[in-house]
Each structure stands twice: as structure tokens, then as C-alpha cells.
Amino acid sequence: MSSVNPGPALDCAGRLLDLSSPRVMGVLNVTPDSFSDGGTLYEDAALSRDRLLQRASAMVEAGVDILDIGGESTRPGAARVSLQEELDRVIPAVELLAAEFDVVLSVDTSSAEVITAAAAAGMGLINDVRSLTRPGALAAAAATGLPVCLMHMRQEPDVMQKAPHYQDVVADVLEWLQQRVDACVAAGIDRARLLVDPGFGFGKNLQHNLVLLNRLEALHALGLPLLVGMSRKTMISAALGGRDTSQRLPGGLALHAIAVFKGAHIVRVHDVAETVDAVRIAAAVRDATHHD
Ligand code: 9MG
């Protein structure tokens, strides 16, 4: 069994997120091109307030701990959206959900402007797949006082899956995350506010992803809470010899259970109810001790 950091409580804009047991982050995309929504959520946008509330409400009932709102798809090959478009998608969603639900809201963004506006609208956690590398992002994140998830990504989504190569994928990811942690601390972001994520599927082939999961314990060397997301990703299809997005739930449950067994604190998923059970089982086995 892995040695798991007990996991501190994160202060997410006044809501405490206790990481002593696994937490589930639900994916709530507000993009037209997201594979997870099949494009429907945003296309209904004028009408989509109700749909967003319905989806969020279903996740909350299913036991979600964090709702992760994203206005720009990060899937491989995804096109960039303008800043204004991202703001227009994300900020009303954050305001609406903050008014309706008593859960932590994270925002999947790399933009300084979105970070600042979303914090004012009620965001409790910054989820940046680019680890605050865009201009102004470090300073904007520091000013919010919010926790930040730093994710490893090799290159940008439009090119990241073109022949990714590493000397040693675990060592390379670890070193890169350590550099981003150092950059955050130098920018005035307290270590206690940081989480790390190896970025499954972001500039990694199947073997890279499998090795990263197999050796996930190595990331505990950073001494920070660990977030992972593999829900519906291509790695599931690749490992199983082909699965449509709609057929990837069993594979995803297995992967997230393994991640929790190996000490992941937060899993980012589309299918909340099923994942809540899977990670509870994984944590129960992980933490089991015998005494008659
Ligand atoms: C936005 N997003 C898509 N996949 C992700 C992953 O694996 N981790 C995090 N932190 N964010 C993700």
C-alpha cells in the first residue's frame, strides 16, 4: 500500500474542503465543443440556465464536493476561445451556481482576467491546466488568496498529442511540477494553497499515462494534495482496444479507484454518483486495518 499524506483541509473561499477522505470534483463544461456535453449545454445557452442548474443539482445530489466550471475545452486539438467569450461563459455560471449550491466551485482557466473575475463571482479553487504560466496568472492567483491546482501539460492542447516524448515520464512530470510550485511560492502563493496533478492525457501517450498511474505514489514527494482526472479520456479507449466516449465509465471507475488507492485526494470526473461509490471502496481498502 502507498503512504498517503493525511491531507489537510483547504480553505476554498471560506468553505473548508477536508481532504482526509477522497473528494469528487464534477466536470461542468460550459463550452460548445466539449466532448463531455456533446455540445448541448452551451448551444442551449440562452436557455441553458435551467440545464446548468439541472446538471449541477444532479451532481450535488450524487455527492459531489467540487463543481469544476470550464469555458474553454482542453481536449486534444481543441480551438482557443477569446477572453471575452470565456468570461461570458464562465462568470454567469459561477454567479448562478454560487447562489444556488453550498459546494466548492472551481474554475478551469489559465487566464488572469478570468481568475480575477471568477474569484469575485464566488470561485473557491483555481484549476489551471497550464499551472499559472500565462502572463499575469501567477499574480492574479496570488491576489485571490484561493487554492490552486497546478497540472502538468506538455505543450498546448492543439499539438500536445503529437508524438509526446519523455526521458522518464514520472521524473519529468515531478520536476516540472516542482518548478511550478517554486514559481508559485516565489509569487507569494502559500504552499498550503497548492495542489498538484500529473495531467493524464495532456501530452502523454497510453504508456506514459499507465506508468504515471502505476507510480503515482512518487508524486507524494512534493508533499501536496494530489488531484487526478481520467474520466472518459482516450487512455481508457486505448487501453481497452477501442471504446466510444459513452462506453468509458467502467474503465474510468477502475482508474480513479486505483488513483485513490495510491493516494489521490481529489478525482475529477463526469459521472459523480458512480465515482463516489468507487472511490469510497478504494479508500476503505486502502485504509483498512485489522483488529479483532
Ligand atoms: C480541465 N481538465 C481536463 N482534464 C483535467 C485533468 O486531468 N486535471 C485537471 N486538474 N483539470 C483538467
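**A ligand and its surroundings**

In this predicted model, a nitrogen atom of the ligand is 3.4 Å from an N or O atom in the side chain of Arg 268, which falls under the definition of a polar contact between protein and ligand, a pair of N or O atoms within 3.5 Å. Taken alone, the ligand exposes 300 Å², of which the protein buries 97%, the areas coming from the Shrake-Rupley method with a 1.4 Å probe. Because the model is predicted, local features need pLDDT of at least 70 and side-chain atom pairs count only at pLDDT 80 or more, while totals for chains, interfaces and linings use all residues. Residues are numbered from 1 along each chain as its sequence is written, and side-chain values use heavy atoms, without hydrogens and water.

Two further contacts can be followed from the ligand: a polar side-chain atom of Asn 127 lies 2.8 Å from a ligand nitrogen atom, and a polar backbone atom of Gly 229 is 3.1 Å from a ligand oxygen atom. The residues around the ligand, each with a heavy atom within 4 Å of it, include Thr 74, Asp 108, Cys 149, Phe 202 and Lys 233. This shell divides into five nonpolar, three polar and four charged residues, where Asp, Glu, Lys and Arg count as charged, Ala, Val, Leu, Ile, Met, Phe, Trp, Tyr, Cys and Pro as nonpolar, and the others, Gly among them, as polar.

How values were computed
Polar contact = N/O pair within 3.5 Å; in protein donor to acceptor, adjacent residues only side chain to side chain.
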